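Welcome, and thank you for opening your viewer. Please load the model and keep the sequence panel beside it, since we will be picking out residues one stop at a time.

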Amino acid sequence: MTNPAWLIVLALGLGACVSHKTEAEKEYGVTKADPQKVPATMPVYGVQESVLVATFITTKGGYRAITRIGQGVPTSTIHQSRPVLVTARGGTGDVIASVSVFNPREIRTAGTSKPDSAVADSSSFTVTLPKPDAIRRLDVAVRRGPDSGYRAGFAIERGTARPVR
Amino acid sequence: MSRLRYILAILGLAGCGNQAPSLQTRYDPLHPANNTNVEFRIQAQDKDGIGNAKLYVYEYEFFTSNTGMQSARRRTGGRWGLQREWNFPTQPTTIDEKESVSGFPAGSYISYLAQVSDSKGATREEQWYFAAGTWPFGNSPIPLLANGAPAHRIDVAFVADRGDFAAARDMLPRLAALIFDGYHTNNVVRRGKGMWQFYYSPERGFISDFDDGSPFTLDVPASVTNSGIIDHAAIIHTTTKRDWASGGNFGTEPQNRGTAVHESGHAAFGLADEYDGGGHFTSSDPYHNNYSSANSCQNYNQSHNWPGTDCEAIQTGWWRPEPNGLQCIMVNDGDAAMPDFERSCSSRATWYYLTLEGS
């Protein structure tokens, strides 16, 4: 039977190796690049897919939606707590995607000195949503800031939006 | 035999403790014009001494694929591979090397890969892509520093204020400092450097002065807002204005690097302000920096092994989990200086990076 002590030393070493980097030292987004394996062809903006491009024009009177089907990258769904929630639904009301965005009419001074805020008369924002052929409805809910409490729905037919009462 | 195993194990232990060098790279000028020489710069530090550095350059040409996708392919006869190798027999702890490369023709997409090894063999590398020569894709955002699929990156577009720049390209010399000496020097951006991609708009835009009484105007070109890849835009101006933000987009003077990163902290990480009079809100995302009661703030801190007593009132109805003494960039943006994101904000950024990488 081989003396396992050297294995214990090695295991301790590997453990120390794994935990050596502190949280502050960890790096993100670093891909191990191999000079011999560089791609010969690539899409400049990454692989794009069919998306529903929805532009919302917002005024004191409410939200208007202009939609079309195009190519692009779906808007990130990571943040769900931003003031305005846009939910894309299928024919049975199932949620296809929900994205949250900043309140487009809210204005805040940049930086941290002499803070102030205002409300824009009008503004707009655009989101891109996956599976455009399956989307039948867009719901908008304003949760904070100007127009807080406002809700609107838009029926989507072949990529085109119309308001739903 | 067993003695050899012990030696190998101990050598393994020693090797494990060896950190790869820290590495910073840049190129100049940003988006070089047709056939304009490009200077690559590699800076690295390692307490064990730097042994070797390599610079690889790969030359692509833009084209539109059969499916209409804006793409790049290896250019026949273009640069492809090792450009320069440096060996350092004296093993200095810091290096700062430059390599000038003759320019690239219209419609070029250039990749450079810098690889640095320390005297014990630990290696660090970074690879970036940038456009060179006449841009062939109309008003689409032009990559200044890219390295991956936009869906898994934070994509920032700079827009030249038409009041200050006769052409969008005129802004580029100011952006080099904002990116390399600004964003890349912040603690959270630095450790997630590869997660940040920078572009500029061929079209100019405009932001009004918050104080001048005119209608609030934040004109970001539709080719940026509708691009589907840009997460937020910054209007760059040189005329002093009182800047503001809306919809995640903002204006800034290029020298106010701290302000730019503070605003990107809102736009990218969903962080709130930590100062009186700022934008305050709760969030269901982890590691937030605003709480609507002292109790919820203290519970948050304690659940992350931070002192509950660190919670401080920001203004009526809002508490921050990070004490003012830490001077997080979300409490003081530093204007032209570059404060760090502190513990809670930094943890939010880590969560965001991990989620974005895995999304």
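In which loop of chain B does P29(B) lie? Select P29(B) and you will find yourself in the loop between β1 and β2 (38-45) of chain B. Helices (H or I, at least four residues) and strands (E, at least two) are DSSP runs, numbered from the N terminus.

Before we move on, a word on what you are viewing: this is a predicted model, in which local features need pLDDT of at least 70 and side-chain atom pairs count only at pLDDT 80 or more, while totals for chains, interfaces and linings use all residues. Residues are numbered from 1 along each chain as its sequence is written, chains are lettered from A and ligands numbered from 1 in the order in which they are written, and side-chain values use heavy atoms, with hydrogens and water left out.

**Stop 1: the loop after β1 of chain B**

Stay at P29(B) and look at the bond that leads into it from D28(B): this peptide bond is cis, with omega near 0 degrees. Now select N35(B), which lies in the loop between β1 and β2 of chain B. N35(B) is not a glycine, yet its phi is positive, about 60 degrees. Is N35(B) buried or exposed? Its relative accessibility is 56%, so N35(B) counts as exposed. (Buried means under 20% relative accessible area, exposed over 50%, partly exposed in between, with a 1.4 Å probe and protein chains only.)

**Stop 2: a stacked pair of rings**

Next, select Y27(B) and F130(B) together. The structure holds 34 aromatic pairs over all chains, and Y27(B) with F130(B) is a stacked one, 3.7 Å centre to centre with 10 degrees between the planes. (Rings of Phe, Tyr and Trp, its six-membered ring, pair if their centres lie within 6.5 Å; planes under 30 degrees apart count as stacked, over 60 as edge-to-face and the rest as tilted.) The pair links distant parts of the chain: Y27(B) belongs to strand β1 (residues 22-28) and F130(B) to strand β8 (residues 123-132) of chain B, 103 residues apart. Y27(B) is buried at 1% relative accessibility, and F130(B) is buried at 0%.

**Stop 3: E125(B)**

Keep strand β8 of chain B in view, and pick out E125(B), which has its place there. E125(B) is buried, with a relative accessible area of 7%. What does E125(B) touch, not counting residues up to four places away in sequence? Its contacts (heavy atoms within 4.5 Å) are V30(A), K32(A) and A33(A) from chain A, and L23(B), L113(B), A114(B) and Q115(B) from chain B. Add P21(B) to the selection: its C-alpha atom and that of E125(B) are separated by 9.1 Å, though the two residues are 104 apart along the chain.

**Stop 4: helix α5 of chain B**

Select residues 257-269 of chain B, which form helix α5. Of its 13 residues, 12 are buried, so α5(B) is largely enclosed by the rest of the structure. Among those buried are H262(B), E263(B), H266(B) and F269(B). F269(B) also belongs to a cluster linked by ring pairs, including Y28(A), F158(B), W196(B) and W351(B). Just after the helix comes G270(B), with a positive phi near 70 degrees.

**Stop 5: an open sheet in chain A**

Now turn to chain A, which has 1 helix and 11 strands. Five of its strands form an open sheet with antiparallel pairing, in the order β5-β4-β9-β10-β11. (Two strands pair if DSSP finds at least two bridges between them.) β5 (95-101) and β11 (160-164) of chain A stand at the edges with a single partner strand each, so one side of each is left without a neighbour in the sheet.

At one edge, β4 (residues 84-89) pairs with β5(A) over 6 bridges, and A88(A) has A97(A) as its bridge partner. At the other, 5 bridges join β10 (residues 151-157) to β11(A), with A155(A) opposite R162(A).

Finish in the loop between β10 and β11 of chain A, where R158(A) is found. β10(A) and β11(A) form a hairpin with 2 residues between them, and R158(A) in the turn has a positive phi of about 50 degrees. R158(A) is exposed, with a relative accessible area of 74%.

Note on methods. Expected span 1.5 Å × (residues − 1).
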